[in-house]
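User: I would like to learn how to read a model of this kind, one feature at a time. Where should we begin?

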Amino acid sequence: MKVIEVRNISFRYRNTEEYALKNVSFSVEKGELVGIIGPSGSGKSTLCLTLNGIIPQSITGRFSGEILITNPQTGENMNTVLTPVPKLSTVVGLVLQNPESQLFNMTVEDEVAFALENLGLPRDEIEKRIGWALRIVGLEDKKEEFPPNLSGGEKQRLAIACVLAMKTPILVLDEPTSELDPKGKKDVLGIIKKLKGKGFTILMSEHDSNFLFKNADKILVMNGGSVVFQGTPKEISDKIDELIELGVRVPKSLLVSKKLGLPPAFTPSELLSLLKARRD
Ligand SMILES: Nc1ncnc2c1ncn2[C@@H]1O[C@H](COP(=O)(O)OP(=O)(O)OP(=O)(O)O)[C@@H](O)[C@H]1O
Ligand SMILES: [Mg+2]
């Protein structure tokens, strides 16, 4: 079942000359993990902002093309230009690149509750969801904490919890590990893997492509506002020279396997097995 269909969209921010998105088309099936990679300024964040209608409804400019979102639970179709953002946000949860801009309550718990109160849910359901979302991101012991006092990684995990608690079937995460230390990064990527396992449809942009080559069903490569390649990690790995030229960081094991004329290895252990198999 197709849950996102992006049809030839272009977007130019107000008062700018260059289009930030140019003729972008792709679709996403229910339950897929889709990665967006590309150099800085290539349009990854802009694309994320179109998916729940913030562009062009709140951030205006010149927008053309069409995005259709299907609620996998009800089958309802929504056009991101015509359906109000609050309604789209009940289906597409968006975690922004800078999580601080999404946090403004006095405690971690209130932060998660805030979005839910707007949904008009009963109190006990709200309590249940807060507990569930904070447990998934490992912040259940920080309920009373003042969000600005959290570490960068905890803030990023809190922003994810807020979106999770809404139980939107589609999650869009814009560089969810950009500000994290290696441990925080591992935690957040672990959460994303877990969510994929639970049937969420996930789109995420990420500078470091290791995780995506290993876990994504599909990768979109952006440059200058266009999707220059899209396909499975295996298909994208055929474009490794082009990716390096674009300045996209590719997994080391992939580089080595290509250099040695082996099939693509997305992790060091895959590379090791390939080397062993060749030796034997
Ligand atoms: N609010 C804005 N107003 C005007 N131009 C913008 C705005 N936000 C982004 N742009 C421009 O749109 C283009 C795409 O930017 P975008 O932030 O989507 O790229 P990105 O791939 O997310 O980059 P990064 O990897 O640095 O996060 C850039 O040329 C950028 O300068
Ligand atoms: Mg960005």
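Analyst: What follows goes through a metal site, a ligand shell, a buried side chain and strand pairing. The model is predicted.

User: Which protein atoms are the donors of the magnesium ion (ligand 2)?

Analyst: A donor has to lie within 2.8 Å of this metal. Here the protein donors are OG of S45 and OE1 of Q97, at 2.0 to 2.2 Å from the ion.

User: Where in the chain do S45 and Q97 lie?

Analyst: The two belong to distant parts of the chain, 52 residues apart. S45 is in helix α1 (residues 44-50), while Q97 is in the loop between β6 (92-95) and α4 (108-117).

User: What is the relative accessible area of S45, and what is the relative accessibility of Q97?

Analyst: Partly exposed is the class between 20% and 50%. S45 has a relative accessible area of 23% and is therefore partly exposed. Q97 is also placed in that class, because its relative accessibility is 32%.

User: Now the other ligand. How many residues surround ligand 1, and which are the closest?

Analyst: There are 14 residues around ligand 1, and the closest are S40, G41, K44, S45 and T46. S45 thus appears in this list as well as among the magnesium donors. Helix α1 gives the largest share of the shell, 3 residues. By residue class, the shell has 9 polar, 3 nonpolar and 2 charged members.

User: Which polar contacts does ligand 1 have with T46, S42 and E175?

Analyst: Each can be read as a distance to an oxygen atom of ligand 1. An N or O atom in the side chain of T46 is 2.5 Å from such an oxygen. For S42, a backbone N or O atom lies at 3.2 Å. For E175, a polar side-chain atom lies at 3.4 Å. The protein covers 61% of the 630 Å² of accessible area that ligand 1 has on its own.

User: What lies 2.9 Å from the backbone nitrogen of E175?

Analyst: A polar atom of the S205 side chain lies at that distance. S205 is in strand β8 (residues 201-205).

User: Is S205 buried or exposed?

Analyst: S205 is buried, because its relative accessible area is 0%, and buried means under 20%.

User: Last, the strands. In which sense does β1 pair with β2, and in which with β4?

Analyst: β1 (residues 2-13) pairs with β2 (residues 21-29) in the antiparallel sense, over 6 bridges. V6 stands opposite F26 of β2. The pairing of β1 with β4 (residues 61-70) is antiparallel, over 8 bridges. There, R12 stands opposite R62 of β4.

Notes. Residues are numbered from 1 along each chain as its sequence is written. Chains are lettered from A and ligands numbered from 1 in the order in which they are written. This is a predicted model: local features need pLDDT of at least 70, side-chain atom pairs count only at pLDDT 80 or more; totals for chains, interfaces and linings use all residues. Side-chain values use heavy atoms; hydrogens and water are left out. Donors are N, O and S atoms within 2.8 Å of the metal (3.2 Å for Na, K and Ca); water is not among the atoms, so sites may look incomplete. Helices (H or I, at least four residues) and strands (E, at least two) are DSSP runs, numbered from the N terminus. Buried means under 20% relative accessible area, exposed over 50%, partly exposed in between (1.4 Å probe, protein chains only). A residue is near a molecule or strand if one of its heavy atoms lies within 4 Å of it. A polar contact is a pair of N or O atoms within 3.5 Å; within protein, one must be able to donate a hydrogen and the other to accept it, and residues adjacent in sequence count only if both atoms are side-chain atoms. Accessible areas come from the Shrake-Rupley method with a 1.4 Å probe; for residues, only the protein chains shown count as cover. Ala, Val, Leu, Ile, Met, Phe, Trp, Tyr, Cys and Pro count as nonpolar, Asp, Glu, Lys and Arg as charged, and the others, Gly among them, as polar. Two strands pair if DSSP finds at least two bridges between them.
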